[in-house]
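Student: Please pick a single part of this model and take me through it slowly, explaining each term as it comes up, and then show me how that part fits with its surroundings.

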Amino acid sequence: MTPVELSRTVLCAVRCAVDEGELSVRVPERAVVTVPGPGGCGDYATNIALQLARPAGQSPLRVAEILAPRLVAAAGVADVVVTGPGFLNISLSPAASPTATLVAEIRALGSGYGHGDALAGQVVALRVPYDVRAEVVADAVVRIVATQGGRGEVGHGEPVSLRPVPAPEDPAPLGPDAAQWALLHPAAHDRPRITADHLVQRESNPLFRVRYAHARTRAVGRGAGRLGFGAEPGDVPAAPGASGVLVTALADYPRILTAAATHRAPDRLARHLVTVADAALPFLPTVLPRGDEKPSVAHRARLALAEATGTVLAGGLSLLGIDAPDHL
């Protein structure tokens, strides 16, 4: 069960409680599920009970107690524990390992992971001024809108519907990839920086970190091939390289992509790619066996997670119009 599926399961539990008269609230559009915080337990936690308490006219703890048995009864859920003021901590059954399920989904969908139907059938008309940044942002929005089933149409004239702060100077000298990043990474209301900082190959450059993380996922794949083992989705312990943070970032990608499409904000996608890369970089050195280690089930699972990470990074960069090289 992926976090997206678990979110739907939580909403289903809320809907059942409403239908059966135990809760009197409007069912929210989504339920946030994250890795448990301090004092939590299990695979995931949700604050849905705290979110619904006031409109339901009940305490968060009582709302959690109403939802917990319905969640336990859901397929793929092994246990639910209520902690603190009303956090629901959810343990998935072994057969529904969140990492294995998520990685299998990404492997199956490839560059289509995160695509949905939030804008199905909609035509998004983008009227932009004659400005290089506005046109670059509009082109990226068209690609991102298409991932959610919509169609973007770019034109000039009034009324202007997309007007990001213009670049202070021509970004072309940075080259196509760095120029795209310089114009797309800042939010629309922020003035972009057109500087050589976007070209340096060090950690201070977010674009470098994203492309380097992608190249590293490809490198560990080549290394595994030389060692004679392949990827196989499985459970990855959270300790090595903080893989739990990486899994959460990958699982959140569909939500970010939907938000970038609905808000016409490619900067949201760009910033999330940085989040994925920053979570991946400490994890990737744990993928291959070290010293006299032999490839194990754990190594195969880590390799599958690394490959899934590369898929997400490459897909996101492509939507921004930026190349994702296998070697860097």
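Tutor: The expected span of a helix is 1.5 Å times one less than its number of residues, and the helices themselves (H or I, at least four residues), like the strands (E, at least two), are DSSP runs numbered from the N terminus. This is a predicted model, in which local features need pLDDT of at least 70 and side-chain atom pairs count only at pLDDT 80 or more, while totals for chains, interfaces and linings use all residues. Residues are numbered from 1 along each chain as its sequence is written, and side-chain values use heavy atoms, with hydrogens and water left out.

Let us take helix H7 as our part. H7 has 22 residues, and its first and last C-alpha atoms lie 32 Å apart, close to the expected 32 Å. At its start, a side-chain oxygen of Asn205 comes to within 3.1 Å of the backbone nitrogen of Leu207. That distance falls inside the limit for a polar contact, which is a pair of N or O atoms within 3.5 Å; within protein, one atom must be able to donate a hydrogen and the other to accept it, and residues adjacent in sequence count only if both atoms are side-chain atoms. After H7 comes Gly228, whose phi is positive, near 80°. On the other side, the loop between helix H6 (176-184) and helix H7 (206-227) holds Asp197, which is partly exposed with a relative accessible area of 45%; here buried means under 20% relative accessible area, exposed means over 50%, and partly exposed is what lies in between (1.4 Å probe, protein chains only).

Now consider the side chains along the helix. An α-helix has 3.6 residues a turn, so residues three or four places apart point the same way. Phe208 and Tyr212 both lie in H7 and are 4 residues apart, about one turn of the helix. Phe208 counts as buried at 14% relative accessibility, whereas Tyr212, at 32%, counts as partly exposed.

These two rings bring us to aromatic pairs: rings of Phe, Tyr and Trp (its six-membered ring) pair if their centres lie within 6.5 Å, and planes under 30 degrees apart count as stacked, over 60 as edge-to-face and the rest as tilted. By this rule the structure has 2 aromatic pairs. One of them is the stacked pair of Tyr113 and Tyr253, with 5.9 Å from centre to centre and 15° between the planes. Tyr113 lies in the loop between helix H4 (98-109) and strand S5 (123-128) and Tyr253 in helix H9 (residues 253-262), so this pair ties together parts that are 140 residues apart in sequence. Tyr113 is buried, at a relative accessible area of 3%, and Tyr253 is buried as well, at 2%. Back in our helix, Phe208 and Tyr212 form a stacked pair, with 5.4 Å between centres and 15° between planes.

The surroundings of H7 can be seen from helix H10 (residues 266-283). Its 18 residues should span 26 Å at 1.5 Å a residue, and the end C-alpha atoms are 26 Å apart, which agrees. Several residues of H10 are buried, among them Leu269, Leu273, Val276 and Phe283. H7 is included in what covers the buried residues of H10, together with helix H5 (132-147), H6, helix H8 (243-251), H9 and H11. Helix H11 (residues 297-319) contains His299, which is buried with a relative accessible area of 3%. If we leave out residues up to four places away in sequence, His299 touches Phe229, Thr286, Val287, Leu288, Pro289, Glu293 and Lys294, where contact means heavy atoms within 4.5 Å.

For contrast, we can end with a strand. Along S5, Val124, Leu126 and Val128 point to one face and are buried, while Val123, Ala125 and Arg127 point to the other face and are not. Strands of a sheet pair through backbone hydrogen bonds, either parallel or antiparallel, and two strands are counted as paired if DSSP finds at least two bridges between them. S5 pairs with strand S6 (residues 151-156) in the parallel sense over 6 bridges, and Arg127 stands opposite Gly155 in S6.
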